[in-house]
Amino acid sequence: MAQRVLVVDDDRTVSDVVCRYLEHAGYRVEHVGDGAAALAAVAAAPPQLVVLDVMLPVLDGLEVCRRLRQRPDAVPIVMLTARGDEADRILGLQLGADDYLSKPFSPRELVLRVRSVLRRAGGEPAPAAPAVLADGGLVVETGARVARLHGRELALTLREFDLLAFLLRHPGRAFHRAELLDRVWGWRFGDQSTVTVHVRRLREKVEADPADPRRIVTVWGVGYRYEPTGG
């Protein structure tokens, strides 16, 4: 059965183009034009992914994203932001969006981003990757896409999970932000602040003191490194 995508955008011209391209790519598409309708649609029948504009009537996209992230199913979210509106983009990532595109954008690129996020959501394991990664009370089951810290399951977005699993697979190695953007997001170009925001969110979930991280450490002038804690 085709995967279902909910498009939330009040600009009829944009939404018509987005829906047409997604349908042509084989997705079942539903469209709503405001934030309250988006929440109602997800509550009635959760889609596989939400394409969510920031500027919406009734409830804006950032508030919709925040409320969707309170749901246990963690539906993937691709946000659409106005070009140059970096504050909205960063806040969207902080609230848990899995990807974003700045308007105006190529509909073909949006389809590729949607496909990439859904592929990761499907939990396709890398052939040579271990099924379970563990360090000092942190356990990541890559097949089940479940992460636990001292037995407590962590509420991670798709990108947060992928980033944590990637770093755990390469303990002690420093990665540039551009390299993480390529290896985890699959982007050969893009805003490297995306990586910074996701690292900050991960630290809030896996570090005893996010202000003094011991697991995901900053390598000044380079990027980040996962430092094994032992166990």
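A pocket here is an open set of grid points where a 1.4 Å probe fits, with protein on both sides within 12 Å along at least five of seven lines. Keep that in mind for the last stop; what you have open is a predicted model.

**Stop 1: the parallel sheet**

Start with the five strands that form an open sheet in the order 2-1-3-4-5, paired in parallel. Select residues 28-32 and 99-103: these are strand 2 and strand 5, and each has a single partner strand, so one side of each is left without a neighbour in the sheet. Look along the sheet and you'll see its twist: neighbouring strands are turned by 20 degrees against each other on average, direction ignored.

Now pick residues 49-53 and 77-82, which are strand 3 and strand 4, joined by four bridges. For one link between them, click D53 and its bridge partner in strand 4, L80.

Next, show residues 12-24. This is helix 1, which lies across strand 1, strand 2, strand 3 and strand 5, and runs at about 165 degrees to strand 2.

**Stop 2: the antiparallel sheet**

Move on to another open sheet, with four strands in the order 6-7-8-9 and antiparallel pairing. Which strands stand at its edges? They are strand 6 (132-135) and strand 9 (152-153); each has a single partner strand, so one side of each is left without a neighbour in the sheet. Helix 6, residues 158-169, packs on this sheet and touches strand 6, strand 7 and strand 8. Its direction makes about 110 degrees with that of strand 7.

Zoom in on strand 7, residues 138-141, which pairs with strand 6 over four bridges. Two bridge partners to click are V132 with E141, and A134 with V139. On the other side of the pairing, four bridges also join strand 7 to strand 8, where E141 has V146 as its bridge partner.

In a regular strand, side chains alternate between the two faces of the sheet. Strand 7 shows a covered face with L138 and V140, and an uncovered one with V139 and E141.

Don't skip the turns. Between strand 6 and strand 7 there are two residues, and G136 takes a positive phi near 50 degrees. The hairpin of strand 7 and strand 8 has four residues in between, with R145 at a positive phi of about 55 degrees.

**Stop 3: the largest pocket**

Finally, find the largest pocket, with a volume of about 540 Å³. Select P72, D73, A74, L156 and T157, the closest to its centre among 26 lining residues. Helix 5 (107-121), strand 8, helix 6 and helix 8 (193-206) each give two or more residues to the lining. Colour the lining by type and you get 15 nonpolar, three polar and eight charged residues.

Conventions
Residues numbered from 1 in each chain as written. Predicted model: local features only at pLDDT ≥ 70, side-chain atom pairs only at ≥ 80, totals over all residues. Heavy atoms only, no water. Pairing = 2+ DSSP bridges. Contact = heavy atoms within 4.5 Å. Axes fitted to C-alpha atoms, helices over the stretch in contact; angles between N-to-C directions. 1 Å grid on protein atoms, 1.4 Å probe; cavity = no way out; pocket = protein on both sides within 12 Å on 5 of 7 lines; lining within 4 Å. Points joined across faces, edges and corners; volume = space filled by probe spheres on them. Nonpolar A, V, L, I, M, F, W, Y, C, P; charged D, E, K, R; others polar. Buried < 20%, exposed > 50% of the residue type's maximum accessible area, 1.4 Å probe, protein only.
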